[in-house]
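Subject: Structure handover

Hello,

Here is the structure I promised to pass on. Please open it beside this email and follow along.

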Amino acid sequence: MIVKKITPRGFCKGVYNAIEIVKSSLMDDSLPRPIYVLGFIVHNRHVVQELTELGAITLDDRLASRSELVKHIKTGTVILSAHGTDELVKEQIKANGLKLIDATCIDVYKTHDSIREYLDKGYNVVYIGKSNHPETNASLSISDKITLIESVSDLDKTNLKEPLFVTNQTTFSLNDISRIHERIKELYPNSLITEEICNATRFRQNAIIKNNTDVDLCYIVGDPRSNNSRNLVKISEEETNTKTFLIESVKDINPADLKGVKIVSVSSGASTPTYLTKEVIDYLESFDNTA
Ligand code: SF4
């Protein structure tokens with residue numbers, strides 16, 4: 001069985017930086033204790049587990065807002081996750097007397113800057129993103145003049161007021177965004193559209209399209225919470241018609257799925273540690289599917 005190792009894969013610069021910020025904060029004795037991380041620092045539970053073992057306390061509860069999570073915390077340091085955080089929550093952290101450290105990716109802040117710029121110019125903003133994702137929540141928190149659109153059907157149900165500035169979540173699917181952009185151009189031809197998918201997401205999605213032309217099966221190593229990992233699966237299935245599984249680690253591989261497979265490809269999301277992907281590749285390279 002041939003194992004195609006698709007590159008680029010794994011940590012992007014934003015994820016790498018965010019993890020380093022947590023690790024260096026944990027080693028900095030001048031910072032107030034405890035050291036909290038608000039939300040998953042990046043969407044991978046193995047990363048979160050490793051940081052927990054080093055002493056970080058991750059505040060995460062899908063049923064509670066970030067504001068609720070920090071409400072009762074009055075001492076310590078709070079590190080904001082790579083996805084960005086609601087502006088009011090940042091104020092709340094400072095008002096509680098906590099030390100705030102921001103690990104938001106610069107590509108997320110680029111989108112925030114463009115949203116602010118066009119709001120100031122009098123535009124209504126359309127934000128294409130996944131609802132309830134922390135990056136989306138942070139972007140929507142900038143103003144109530146931002147309308148969230150998740151799909152073409154969403155767009156068809158919404159009555160938007162021009163002039164429109166259109167931007168998006170950095171880890172959105174290239175396919176989905178181009179479909180939504182086409183529909184916006186039909187409905188609101190004067191809209192100002194920018195495409196803000198970050199290069200890490202774009203290069204990983206394009207690499208899947210380029211490499212999965214002749215493979216029987218593809219594994220994406222990533223956490224189910226990771227938007228960019230899920231979109232790699234989607235792109236692989238939609239654009240290359242390849243049977244694709246999202247797996248968290250080698251333990252999720254079902255040997256029965258490899259029966260008759262001649263070429264298998266492997267990639268991973270931008271928040272997946274290298275060792276998890278290496279274990280998958282090692283397993284597949286030593287797998288005997290002729291038995
Ligand atoms: S996937 Fe893109 S936006 Fe998200 S952390 Fe990586 S570089 Fe930043």
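One definition before we start: two strands pair if DSSP finds at least two bridges between them. With that in hand, look at Ile220, which stands opposite Leu246 in β11. Keep in mind that this is a predicted model.

**The sheet with β10 and β11**

Ile220 belongs to a longer story. Strand β10 covers residues 217-221, and strand β11 covers residues 243-247. The two pair in the parallel sense over 5 bridges. Another facing pair is Cys218, opposite Thr244 in β11. How does the chain get from β10 to β11? It crosses through helix α10, residues 227-240. This β-α-β crossover is right-handed.

Now widen the view. These strands sit in an open sheet of 4 strands. Read across it and the order is β1-β12-β10-β11, with parallel pairing. Which strands are at the edges? They are β1 (2-5) and β11, and each pairs on one side only. Neighbouring strands of this sheet are turned by 20 degrees against each other on average, direction ignored.

A helix covers part of this. Helix α11, residues 274-285, lies across β1, β10, β11 and β12 (263-268). Its direction is at about 170 degrees to β12.

**The sheet with β6 to β9**

There is also an open sheet of 4 strands with the order β7-β6-β8-β9. Its pairing is parallel. Why is one side of β7 (146-149) and of β9 (192-193) left without a neighbour in the sheet? Both stand at the edges, and each has a single partner strand, so one side has no neighbour there.

Take the pairs one by one:

- β6 (residues 124-128) and β7 run parallel and are joined by 4 bridges. Ile128 stands opposite Ile149 in β7.
- β6 and β8 pair in the parallel sense over 5 bridges. Here Asn124 faces Leu164 in β8.
- β8 and β9 are parallel too, with 2 bridges. Val166 is opposite Ile193 in β9.

Spend a moment on β8. Is β8 largely enclosed or open? A residue counts as buried if 20 or more other C-beta atoms lie within 10 Å of its own. By that test 4 of the 5 residues of β8 are buried, so the strand is largely enclosed by the rest of the structure. Helix α5 (106-120) lies across β6, β7 and β8 (164-168). It runs at about 175 degrees to β8. β8 also forms a right-handed β-α-β unit with helix α8 (residues 174-187) and β9.

**Around the ligand**

Next, find the ligand. How many residues are around it? There are 15, and Cys12, Gly14, Cys105, Thr170 and Cys198 come nearest. By class, this shell has 8 nonpolar, 5 polar and 2 charged residues. Three helices each supply at least two residues of the shell: α1 (13-27), α5 (106-120) and α9 (199-211). Which of the helices gives the most? That is α1, with 3 residues.

**Backbone details worth finding**

Two peptide bonds to check are cis. One joins Thr7 and Pro8, with omega about -5 degrees. Pro8 lies in the loop between β1 and α1. Another runs from Arg33 to Pro34, with omega near -5 degrees. Pro34 is in the loop between α1 and β2 (35-38).

Two asparagines have a positive phi. For Asn132, phi is near 70 degrees. Its place is in the loop between β6 and α6 (134-140). Is Asn132 buried or exposed? It has 9 C-beta neighbours inside 10 Å, so it counts as exposed. For Asn241, phi is near 55 degrees. This residue is found in the loop between α10 and β11. With 10 C-beta neighbours inside 10 Å, Asn241 counts as exposed.

**One last residue**

Go back to helix α8 and find Glu186. Glu186 is exposed, with 9 other C-beta atoms within 10 Å. Then jump to Ser286. Glu186 and Ser286 are 100 residues apart in sequence. In space they are 52 Å apart, C-alpha to C-alpha.

Best wishes

Note on methods: Residues numbered from 1 in each chain as written. Predicted model: local features only at pLDDT ≥ 70, side-chain atom pairs only at ≥ 80, totals over all residues. Near = placed C-beta within 6 Å. Nonpolar A, V, L, I, M, F, W, Y, C, P; charged D, E, K, R; others polar. Contact = placed C-beta atoms within 7 Å. Axes fitted to C-alpha atoms, helices over the stretch in contact; angles between N-to-C directions. Buried ≥ 20, exposed ≤ 12 C-beta atoms within 10 Å, placed from the backbone. Right-handed = clockwise from strand over helix to strand, strands pointing away.
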